[in-house]
Amino acid sequence: MNGLLAFSGVNTKIRAMQKNFISKDEFREIVSLPDVPSVIRYLRKYPSYQEEFDRMQEVDLHRGDVEFLLGNSVYEDYAKIYRFCNESQRTFLREYARRYAIKYLKKCLSYAFIGKTPNPNVYLYRWFYDKYTPLDMDALFKATTLETTLDALKGTEYYPVLAKVYESGEAQLFDYETALDIYHFRTMWKNKDKLFSKEGCEAITVGFGTKFDLLNIWYIHRARMNFGMSEADAYALTVPILYKLKPREIRAMVDADSEEAFQAAFAETYYGRRYKEFGPQDLGDLYEYVGRHVLAVEARKHPNSIAVMYRYLYDKEVQDAALTAAIECVRYGIPPDEAMANIAAMVRE
């Protein structure tokens with residue numbers, strides 16, 4: 001009963017917000033539109049996008065503009081949910097906000113590697129980062145080198161993580177991004193037992209545990225098959241937490257010296273057996289599909305827990321990624337069937 005009372009308000013809000021999700025049929029309508037301005041007009045009928053697209057004139061927005069506007073709609077939804085939460089529920093949301101801070105830091109690092117400042121549209125997010133994260137947006141925006149980016153992070157939890165990578169002397173952008181991801185995953189995993197209720201802890205265990213496993217498979221495949229990295233370097237990229245993967249399965253994938261060998265090793269894992277329609281070449285789609293499926297199950301299983309808001313926020317991020325891809329398909333005249341195939345794993349049924 002306590003769980004029911006504690007979550008009744010926020011769950012009612014989330015159910016109302018879920019009505020604005022875009023269906024598979026509506027996505028098909030979107031990819032069938034003749035041009036980007038038509039897509040923007042179509043999206044204005046959804047409350048969560050109307051305000052964002054009203055910020056800019058009805059022109060053929062380029063990909064960067066679209067990503068910023070859609071990203072801001074995610075933050076607006078986060079803030080709406082936050083306002084309906086009690087302090088315990090806000091603890092989860094503050095932990096989850098680290099995901100957004102890291103996303104922005106990755107952008108900053110990518111610009112620092114080429115000696116440029118980020119896109120000025122990033123200031124659309126200022127209201128969010130000032131309130132929900134420890135990041136100094138002004139300092140990060142002005143930073144155009146790794147050194148100044150690190151200086152802008154002093155005093156935050158991210159500084160020691162990235163400073164350690166920097167001190168290695170030979171790190172690439174991928175190394176910094178991976179270090180941030182692993183830090184977030186390990187921190188969330190370490191804190192789950194003391195921060196969340198039994199039901200919430202179970203949702204975090206299943207949701208993040210699955211995410212860790214799939215990212216490990218994805219990281220190993222990229223390291224070994226795409227970049228030809230050594231076995232030792234591939235191991236260094238893995239998240240040191242296993243959920244349904246076994247150490248021997250990690251070893252088999254790391255040892256694989258060809259796509260065929262990796263396919264055979266992957267097929268022996270829980271995910272290879274459960275999702276036979278996906279192969280190593282589909283790991284990105286598998287990550288999205290399984291992530292959404294697992295969170296949907298947990299939200300139904302624990303309707304009076306953080307699983308419901310966790311699912312909503314994840315689904316909203318995936319939907320906005322699908323919209324970005326759909327708009328690009330329209331921009332370049334990709335046939336609707338081909339466009340839908342490209343975004344299938346990200347679209348709600």
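This is a tour of a predicted model, with a selection to make at each stop.

**Stop 1: the nonpolar core**

Start by selecting Leu43, Ile81, Phe92 and Met309. These are the residues with the most contacts inside the largest nonpolar core, which has 119 residues. Which helix gives the most to this core? Select residues 307-331: this is helix H18, and it contributes 13 residues. As a general point, nonpolar side chains in soluble globular proteins tend to be buried together.

**Stop 2: helix H18**

Keep H18 selected. Of its 25 residues, 22 are buried, and the helix is mostly covered. Its length can be checked in the viewer. At 1.5 Å a residue, the 25 residues of H18 should span 36 Å, and the C-alpha atoms at its ends are 36 Å apart, so the two values agree. Then move just past the end of the helix to Gly333, where phi is positive, at about 70°.

**Stop 3: helix H3 against H18**

Add residues 36-43, which form helix H3. A pair of packed helices is described by the angle between their axes and the distance between the axes. For H3 and H18, the angle is about 145° and the axes are 9 Å apart. To see the contact, show the side chains of Val36, Val39 and Leu43 on H3, together with Leu323, Ile327, Val330 and Arg331 on H18. Six residues of this contact are nonpolar, none is polar and one is charged.

Now centre on Leu43, one of the residues with the most contacts inside the core. Setting aside residues up to four places away in sequence, Leu43 touches Ile22, Ile30, Tyr49, Gln50, Phe53, Leu323 and Ile327.

**Stop 4: Asn11**

Select Asn11 in helix H1, which covers residues 2-18. Is Asn11 buried or exposed? Its relative accessibility is 6%, so Asn11 counts as buried; the cut-off for buried is under 20%. Beyond its neighbours within four places in sequence, Asn11 is in contact with Pro303, Asn304 and Val308.

**Stop 5: Arg90**

Go to Arg90, which lies in helix H6. With a relative accessibility of 23%, Arg90 counts as partly exposed. Its contacts, leaving aside neighbours within four places in sequence, are Tyr82, Arg83 and Cys85. Select Ile306 as well: Arg90 and Ile306 are 216 residues apart along the chain, and their C-alpha atoms are separated by 9.7 Å.

**Stop 6: Val122**

Next, select Val122, in the loop between helix H6 (87-114) and helix H7 (126-132). Its relative accessibility is 2%, so Val122 counts as buried. Which residues does Val122 contact, leaving aside its neighbours within four places in sequence? They are Phe68, Tyr104, Met137 and Phe141. For a distance across the model, add Ala261: Val122 and Ala261 are 139 residues apart in sequence and 43 Å apart in space, C-alpha to C-alpha.

**Stop 7: helices H10 and H11**

Select residues 158-167 for helix H10 and 173-195 for helix H11. These helices pack at an angle of about 145°, with 10 Å between their axes. Their crossing is right-handed. On the H10 side, the contact is made by Tyr158, Val161, Leu162, Val165 and Tyr166; on the H11 side, by Asp175, Tyr176, Ala179, Leu180 and Tyr183. Nine of the contact residues are nonpolar, none is polar and one is charged.

**Stop 8: helix H12**

Select residues 198-226, helix H12. At 1.5 Å a residue, its 29 residues should span 42 Å; the end C-alpha atoms are 40 Å apart, which agrees. H12 is mostly covered, with 21 of its 29 residues buried. Gly228, just after H12, takes a positive phi of about 60°.

**Stop 9: Gln263**

Finish at Gln263 in helix H15, residues 259-267. Gln263 counts as partly exposed because its relative accessibility is 32%. To relate this stop to H18, select Val318: Gln263 and Val318 are 55 residues apart in sequence and 26 Å apart in space, C-alpha to C-alpha.

How values were computed
Residues numbered from 1 in each chain as written. Predicted model: local features only at pLDDT ≥ 70, side-chain atom pairs only at ≥ 80, totals over all residues. Heavy atoms only, no water. Axes fitted to C-alpha atoms, helices over the stretch in contact; angles between N-to-C directions. Helix = DSSP H or I, 4+ residues; strand = E, 2+ residues; numbered from the N terminus. Left-handed = near helix turned anticlockwise from the far one by under 90°. Contact = heavy atoms within 4.5 Å. Nonpolar A, V, L, I, M, F, W, Y, C, P; charged D, E, K, R; others polar. Core = buried A, V, L, I, M, F, W, Y, C linked by side-chain atoms within 4.5 Å. Buried < 20%, exposed > 50% of the residue type's maximum accessible area, 1.4 Å probe, protein only. Expected span 1.5 Å × (residues − 1).
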